[in-house]
Amino acid sequence: MNRVLFENALLITVDDQNNIIRSGWLLVEEDRIAALGEGRFEGDRSGITTVDATGRALLPGIVDAHTHVAGSLFKGLLEDDPNGFYGFALPMEGQLTREDVYHLSLLGAWECMQAGITTINEIYHYSLQVAQALDEIGIRAVVSQNIVDVDIGALRYDDYTRDAAKGEAFLEENIQLIEQYHGKDNGRITCRVGPHATDTVSMELAKKCVAVGQKYGVGFHTHVAQSEREVAQLKASYGLTPVEFLRETGLLGDHLMAAHCIYTNESDIQLLAQSGTHMLHCTQGLGRGSDFPPTAAMFKAGVHIVLGTDWLTMDPWANMRFGIGLNRQHGVDHATASALSMLRRSTIEPARALGLADQVGSLEPGKQADLLMLDCTGPHLTPMYHDPVATIVYNACRGDVSDVMVAGRFTVRDRKLQTMDEAEILHRGQAVAHEVYNRHLATL
Ligand SMILES: [Zn+2]
């Protein structure tokens with residue numbers, strides 16, 4: 001039996017009472033948290049592996065509400081280009097092969113894992129290869145196929161010519177994904193349906209996506225109101241806002257993970273709040289792109305806002321700090337945009353949005369042992385007073401995450417990936433990225 005005992009740890013549980021144990025223990029048995037407590041563990045130590053967590057904090061693993069891990073491909077190519085998304089990234093994605101996506105997904109997933117992310121809500125092209133990579137590397141993942149019925153490389157010319165057969169093929173891959181991966185490895189991998197965005201699927205295709213989700217009993221993941229281009233396209237085609245489009249198609253609701261929602265009006269915000277739709281705020285990515293969703297109005301209306309990293313940089317710690325800064329800049333009060341709020345919106349709240357709150361998102365007996373250990377011995381995390389959450393959220397870095405566990409298994413130990421060969425992932429990821437980049441340059 002797998003039994004791991006963490007001792008002398010600062011436990012930040014993120015449970016309903018936000019309980020913190022200054023010096024305690026946590027016992028993992030098989031894939032679950034068996035028990036935790038204050039002081040010394042007095043139970044049976046037979047067959048136990050002990051981890052001395054002196055100077056370390058144990059937190060629930062981060063649940064990242066929105067990722068495209070293979071999109072780490074674009075690091076350093078888009079951040080300073082205002083037209084980078086439509087003008088460069090989407091056309092370059094046309095150069096990706098299934099094998100490229102597999103290797104780049106490993107690279108991005110490793111970046112996530114090293115940062116303490118234990119669950120990702122992922123949507124991308126070639127989802128069968130994405131799921132294969134995520135399954136192999138050992139992260140917990142909710143995977144969707146990018147479904148579109150347009151040529152995303154042509155959107156830069158405002159060309160929205162629909163191709164129904166293309167849409168059907170992507171939907172078919174999403175069905176195959178669900179049949180092959182939903183519930184795999186004791187539920188570590190689950191699936192959703194992924195209509196890519198409100199402008200890149202037609203009303204007809206979006207409704208087919210809804211029917212597939214209902215048939216398989218899975219939720220949805222999409223992008224909403226990402227750009228003024230998208231808003232204009234929906235107005236011209238249907239006379240609807242992106243959020244109204246979601247309502248008309250049946251996508252709106254508690255079953256939907258809706259990324260970005262940048263260009264939304266007051267009535268859209270009410271619809272998001274009343275329907276229980278989950279708004280995925282990718283604070284760092286959007287902030288760098290000068291994209292600011294109206295979060296003050298959203299919080300006021302009661303929209304369920306959770307944090308995601310998107311792509312390029314999968315750093316949940318920077319993301320939480322961007323979340324605080326951006327929200328306060330937009331007039332959100334200090335309590336709503338606090339360290340604790342951002343930590344909850346990076347752990348238990350996205351878990352709840354994904355329907356996984358009984359499994360992950362907090363350190364509680366009976367839940368899956370998905371956790372991270374943070375080295376708090378550095379000067380930037382010293383001193384620590386009565387509120388360690390504030391000290392950690394305002395100061396912790398990815399490099400402080402020393403160990404990560406998913407379902408009771410160390411995926412990162414002493415900052416080293418345990419599940420696959422780091423050098424191989426780095427070497428292949430780097431080579432594939434340069435090949436894709438060069439193929440894209442050749443088309444310009
Ligand atoms: Zn995205």
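Me: Which residues coordinate the zinc ion?
Reply: In this predicted model, where local features need pLDDT of at least 70, side-chain atom pairs need 80 or more, and totals for chains, interfaces and linings use all residues, the zinc ion is held by H66 (NE2), H68 (NE2), H223 (NE2) and D310 (OD), at 2.0 to 2.5 Å. Donors here are N, O or S atoms within 2.8 Å of the metal (3.2 Å for Na, K and Ca), with no water among the atoms, so a site may look incomplete.

Me: How are those donors spaced along the chain?
Reply: The pattern is H-x1-H-x154-H-x86-D. H68 and H223 are 155 residues apart, so to speak a link between distant parts of the chain: H68 is in the loop between β6 (62–67) and α1, and H223 is in strand β10.

Me: What's the arrangement around the zinc ion?
Reply: Irregular, because the 4 donor atoms subtend angles of 80 to 177°. Four donors would need all angles between 85 and 135 degrees for tetrahedral, or for square planar (octahedral with six) opposite donors over 155 degrees apart and all others between 65 and 115.

Me: OK, sheets. β10 is in which strand order?
Reply: The order is β10-β11-β12-β13, an open sheet of 4 strands with parallel pairing. Strands are DSSP E runs of at least two residues, helices H or I runs of at least four, both numbered from the N terminus. Two strands pair if DSSP finds at least two bridges between them.

Me: Which strands stand at the edges there?
Reply: β10 (220–224) and β13 (304–307). Each has a single partner strand, so one side of each is left without a neighbour in the sheet.

Me: How many bridges join β12 to β13?
Reply: There are 4 between β12 (residues 278–281) and β13, and the two run parallel. Across that pairing, H281 sits opposite L307 in β13.

Me: And β6, what's its sheet order?
Reply: β6-β7-β8-β9, again 4 strands in an open sheet, paired parallel. The edges are β6 and β9 (189–191), and with a single partner strand apiece, one side of each has no neighbour in the sheet.

Me: What joins β6 to β7?
Reply: 4 bridges, with β6 and β7 (residues 117–124) running parallel. T67 has E122 in β7 as its bridge partner.

Me: Switching topic: how much space lies in the largest pocket?
Reply: About 750 Å³. A pocket is an open set of points on a 1 Å grid over the protein atoms alone where a 1.4 Å probe fits, with protein on both sides within 12 Å along at least five of seven lines; lining residues have an atom within 4 Å of a point. Volume is the space filled by probe spheres set on the points, which are joined across faces, edges and corners.

Me: Which residues are closest to its centre?
Reply: P82, F85, G285, G289 and D291, out of 33 that line the largest pocket. The elements giving two or more residues to that lining are α1 (84–93), α7 (228–238) and α10 (283–288). α1 supplies the largest share, 5 residues.

Me: And what volume has the second largest pocket?
Reply: About 310 Å³. The lining of the second largest pocket has 16 residues, with S72, L73, L107, Q430 and A433 nearest the centre. α2 (98–114) and α16 (422–443) are the elements that give two or more residues to it, and α16 has the largest share with 6 residues.

Me: How are residues numbered?
Reply: From 1 along each chain as its sequence is written, and side-chain values use heavy atoms, leaving out hydrogens and water.
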